[in-house]
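Colleague: Before I rely on the contacts described for this model, I should like to hear the reasoning behind each term.

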Amino acid sequence: MNISNKLCSLLHTTESICVLTGAGISAESGVETFRGSNGLWSKLKPEELANFDAFMRNPDLVWEWYNYQKKIIHDVKPNPAHYALAHLQDLVKDFTLITQNIDNLHIRAGSKNVLELHGNIERSYCISCGKSVTHVEVTLENKVPHCSSCHGIIRPDIVWFGEMLPEGVFEMATDAATRCELFLSIGTSAVVYPAANLPLIARKQGAYVVEINMERTEISNSVDETLLGKAGEILPQLVKMKEEIKG
Ligand code: BV8
Ligand code: ZN
């Protein structure tokens with residue numbers, strides 16, 4: 001894999017790395033992406049599923065959709081890309097991992113203090129009293145779980161289109177993007193905001209921004225370097241370089 005001298009020397013020296021991941025980092029685990037040729041959204045329309053009104057109109061359908069995603073996620077494992085980032089965290093003093101993914105695979109790979117911009121499929125909460133629920137009983141007949149305290153409807157703890165990101169999470173992500181020396185944008189088409197702003201915020205303050213993706217994206221013209229290829233192949237090589245330097 002050929003990388004620029006600049007990236008090579010940064011890997012030597014930097015102690016401040018910020019990473020943004022998208023669905024592409026989980027693709028090699030067998031989790032479908034959203035916007036690729038056979039992506040999830042090519043079959044289903046996000047506006048019909050991933051928004052609050054759609055949920056209130058048809059909670060059964062939305063729970064069916066998330067249970068389908070949950071089943072896939074329970075059957076897969078983190079891949080070398082997830083493990084490489086978990087290892088990189090131990091090699092760098094100031095390391096922040098920000099993910100748009102809801103699949104919990106970074107946490108399962110051992111990453112700590114992950115900033116989950118769009119929530120996590122393993123968590124749910126009651127829309128009436130806000131009670132957080134980790135494991136919902138969704139039976140065939142009653143597809144929509146109800147709160148044991150107030151009997152309100154329970155929803156997935158996932159940020160839908162038009163919803164605010166979790167309190168404080170985007171602010172911490174922005175802080176990390178603003179102070180890092182090296183920013184890695186991995187496996188994201190960079191079309192969803194405000195997440196897609198983060199690489200641009202990093203670039204604006206002078207970080208070296210590297211995109212690791214299977215294809216060029218909306219931000220390819222605004223980053224310093226694009227490494228085209230699979231995250232599961234590229235990341236272990238980059239982390240190995242960092243490790244050799246650390247000795
Ligand atoms: C908000 C949860 C503030 C559901 C998701 C017009 C213009 C700009 C913005 C907007 C607009 N209209 C509305 C908006 C705002 C909207 C938005 O950005 N819309 C876009 C789509 C136009 N954003 C919001 O609504 C956000 N909230 O703005 O709140 C607010 C609130 C109220 C009023 C005013 C303001 C909330 C966004 C959260 C949406 N929720 N998901 C669910 O997941 O079920 S977004 C969804 O897309 C996923 O979370 C996913 O993470 C995210 C981004 O997708 P990617 O991760 O990038 O995945 P994708 O498939 O697109 O790309 C994968 C890439 O990987 C590809 O490039 C592929 O080539 C590559 N790849 C594949 N394999 C590999 C690989 N790369 C490396 N290795 C491989 N092996
Ligand atoms: Zn409740």
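**Reasoning behind the contacts**

Modeller: In this predicted model, a polar side-chain atom of Asn213 is placed 2.9 Å from an oxygen atom of ligand 1. Taken alone, ligand 1 exposes 1,500 Å², and the protein buries 74% of that.

Colleague: What makes the approach of Asn213 to ligand 1 a polar contact?

Modeller: A polar contact requires a pair of N or O atoms within 3.5 Å. The Asn213 pair lies at 2.9 Å, so it qualifies as a polar contact. By the same cut-off, Ser189 qualifies through a polar side-chain atom 2.6 Å from an oxygen atom of ligand 1. Ala23 qualifies through a polar backbone atom, 2.8 Å from an oxygen atom of the ligand.

Colleague: Why is ligand 1 said to lie between domain 1 and domain 2?

Modeller: Both domain 1 (1-31 + 78-118 + 165-247) and domain 2 (33-75 + 121-158) give residues to the shell around ligand 1, so the ligand lies between them.

Colleague: What is the make-up of that shell by class?

Modeller: The shell has 17 nonpolar, 12 polar and five charged residues. Of the 34 residues around ligand 1, those that come nearest include Phe34, Arg35 and Gly162.

Colleague: How do you know that the charged end of Arg155 sits over the ring of Trp160?

Modeller: One condition is that CZ of Arg be within 6 Å of the ring centre. For Arg155 the distance to the centre of the Trp160 ring is 3.9 Å, so that condition is met. Trp160 also belongs to an aromatic cluster with Phe55, Trp65, Tyr66 and Tyr68.

How values were computed: Residues are numbered from 1 along each chain as its sequence is written. Chains are lettered from A and ligands numbered from 1 in the order in which they are written. This is a predicted model: local features need pLDDT of at least 70, side-chain atom pairs count only at pLDDT 80 or more; totals for chains, interfaces and linings use all residues. Side-chain values use heavy atoms; hydrogens and water are left out. A residue is near a molecule or strand if one of its heavy atoms lies within 4 Å of it. A polar contact is a pair of N or O atoms within 3.5 Å; within protein, one must be able to donate a hydrogen and the other to accept it, and residues adjacent in sequence count only if both atoms are side-chain atoms. Accessible areas come from the Shrake-Rupley method with a 1.4 Å probe; for residues, only the protein chains shown count as cover. Ala, Val, Leu, Ile, Met, Phe, Trp, Tyr, Cys and Pro count as nonpolar, Asp, Glu, Lys and Arg as charged, and the others, Gly among them, as polar. Domain bounds come from an automatic or database domain assignment. Rings of Phe, Tyr and Trp (its six-membered ring) pair if their centres lie within 6.5 Å; planes under 30 degrees apart count as stacked, over 60 as edge-to-face and the rest as tilted. A charge sits over a ring if NZ of Lys or CZ of Arg is within 6 Å of the ring centre and within 35 degrees of the ring normal.
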